[in-house]
Every structure is written in structure tokens, then in C-alpha cells.
Amino acid sequence: MNAESDERDGAAAAKTPAPAAGEAPRDATGDVIPGVTKEEPALGSRAPGFIKASRPLHISWQVGVFVVGLAVVVAGIIMLPLPGPGWLVIFGGMAIWATEFVWAQLVLRWTRRKVTEAAQRALDPKVRRRNIILTVIGLVIIAVLVGIYVWKFGIVMPWKIHE
């Protein structure tokens, strides 16, 4: 093995600047590494150390976190058809699960990435213009339908409340 090549590789890696806050990580040549996003916390349990030290205590902790997360997710599912912030509560339950379970952490990372991409697409001027045009067309159609209904039936509602 050649010791000089090892030194050159180490020097090249040392000269690569660290990414600034909010920037994507870069390789030794300075190119953005595809598929790698900003610094993300490590996957795995976030339980305190004394809980992780004891296997039975850690299993009990995980069962407790699962039950609490399940209760929050079920409450969110119940809120979907009822008044209330159903999706927000469901994501809150997923966040509770993500404190202990890798699969929930991966689901939340995927969701966060998709929401960020959708927000960036929504801010695109062409997409905004298209959405505004579609909204105006939809409102005009609704106004015409309401106008036709009022012209045909008047202001009287189709049900008989006074009877």
C-alpha cells in the first residue's frame, strides 16, 4: 500500500468545507451528495440511558410509548369525520411513536420531505397562477349554479321547516 496516497486523500478531505446551516452535504469534490439531506438525527430509541440499560424497563417503556401513541392516533382518526384537527393529531401520535420506533421516524422523515416538496411546488409562480385560475373558474361555476337555483326555485329552501 502506498502511504502517500493515503495522506493526499486525507488532505483533500480536510480541505472540503463543511456545509453551512441549511445546505445539503457535499462530497470531496464539492458536489451535492444525492439522496442525502441536511443533518438528520440518528434513528433509534430516544429513551433516557437508565431505561435503555435495563431490557425489561426498556420493553415496558416501548409498550407505554406505543399505547400512548396509539391512543393519540386513534383520537386523530376519530376526529377525521368530526370537527377537530384530525391529521394534526395523527401526526402528533406518529411523533410520539417516533421517539422509540425507527419505522415511525422513517415515516415522519418521508412525510416531512414530501410536505417540503409540495410547499416548494406550490410557491412556483406557474403553479400558483394555475391554482388561482382553477379557483376562480370553480367559484364562477358555483355562482352560476346558485343563480340558476334561485331563478328556478326562488329563495325558498327545498325542505319545509315551518311544518
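**Group meeting: a walk through an all-helix model**

Let me start in helix α5, residues 102-122, where K114 and E117 sit 3 residues apart, about one turn of the helix. These two residues form a salt bridge, and their closest N and O atoms are 3.7 Å apart. The structure holds 1 salt bridge, so this pair is that one, given that a salt bridge needs a side-chain nitrogen of Lys or Arg within 4 Å of a carboxyl oxygen of Asp or Glu. Neither partner counts as buried, because buried means under 20% relative accessible area. K114 has 37% relative accessibility and is partly exposed. E117 is partly exposed as well, at 30%.

Before going on, please keep in mind that this is a predicted model. Everything I quote is computed from it or, where I say so, taken from a UniProt entry.

Now the overall picture. How many helices and strands does the protein have? There are 6 helices and 0 strands. Read from the N terminus, the elements run α-α-α-α-α-α. The protein has 163 residues, and 15% of them are buried. Its accessible surface is about 12800 Å², with 70% of that belonging to carbon and sulfur atoms. As for contacts with a separation of 6 or more, 37% are between residues 24 or more positions apart.

Next, the annotation. UniProt, in an unreviewed entry, lists residues 59-80, 86-111 and 132-151 under "transmembrane region". What does the model show over two of these stretches? Over residues 59-80 the chain is 95% helix and 0% strand, with the end C-alpha atoms 31 Å apart. Over residues 132-151 the chain is 100% helix and 0% strand, and there the end C-alpha atoms are 28 Å apart.

I will take helix α3 now, which covers residues 55-79 and contains F66. Q62 and G69 are also found in helix α3. I will go through these three in sequence order.

Q62 touches E100 and F101, leaving out residues up to four places away in sequence. There is also a spatial relation to S45: the two are 17 residues apart along the chain, and their C-alpha atoms are separated by 8.8 Å.

F66 touches W97 and F101, again not counting residues up to four places away. F66 and W97 are 31 residues apart along the chain, but their C-alpha atoms are separated by 6.2 Å. F101 therefore appears in the contacts of Q62 and also in those of F66. Is F66 buried or exposed? In between: F66 is partly exposed, with a relative accessible area of 35%.

What about G69? Its relative accessible area is 0%, so G69 is buried. Beyond its neighbours within four places in sequence, G69 is in contact with G93, I96 and W97. G69 and G92 are 23 residues apart in sequence, and C-alpha to C-alpha they are 8.1 Å apart in space. W97 thus turns up in the contacts of G69 as well as in those of F66.

That brings us to the aromatics. The structure holds 5 aromatic pairs. One of them is F101 with W103, which is stacked: 6.2 Å centre to centre, with 25 degrees between the planes. Why does this pair count as stacked rather than tilted? Because planes under 30 degrees apart count as stacked, and the angle here is 25 degrees. The two partners differ in exposure: F101 is buried, at 15% relative accessible area, whereas W103 is partly exposed, at 42%. Ring pairs link F66, W97, F101 and W103 into a cluster.

Last, the outer face of another helix. Which residues make the nonpolar surface patch of about 1100 Å²? They are I132, I133, L134, V136, I137, V140, I141, V144, L145, I148 and W151. Take I141 as one of them: I141 is in helix α6, residues 125-153. I141 has 49% relative accessibility and counts as partly exposed. Patch residues need over 30% relative accessible area, so I141 clears that cut-off at 49%. For comparison with the annotation, residues 132-151 are one of the stretches that UniProt lists as "transmembrane region".

To recap: a protein with 6 helices and 0 strands, 1 salt bridge, an aromatic cluster of F66, W97, F101 and W103, and a nonpolar surface patch of about 1100 Å². That is what I have for today.

Terms used
Residues are numbered from 1 along each chain as its sequence is written. This is a predicted model: local features need pLDDT of at least 70, side-chain atom pairs count only at pLDDT 80 or more; totals for chains, interfaces and linings use all residues. Side-chain values use heavy atoms; hydrogens and water are left out. Patches are made of residues with over 30% relative accessible area and no salt bridge: like charges are joined within 9 Å, nonpolar side chains (Val, Leu, Ile, Met, Phe, Trp, Tyr) within 5 Å. Accessible areas come from the Shrake-Rupley method with a 1.4 Å probe; for residues, only the protein chains shown count as cover. Helices (H or I, at least four residues) and strands (E, at least two) are DSSP runs, numbered from the N terminus. Buried means under 20% relative accessible area, exposed over 50%, partly exposed in between (1.4 Å probe, protein chains only). UniProt positions are given in the numbering used here, feature names are shortened, and annotations may be inferred rather than shown by experiment. Contact means heavy atoms within 4.5 Å. Rings of Phe, Tyr and Trp (its six-membered ring) pair if their centres lie within 6.5 Å; planes under 30 degrees apart count as stacked, over 60 as edge-to-face and the rest as tilted.
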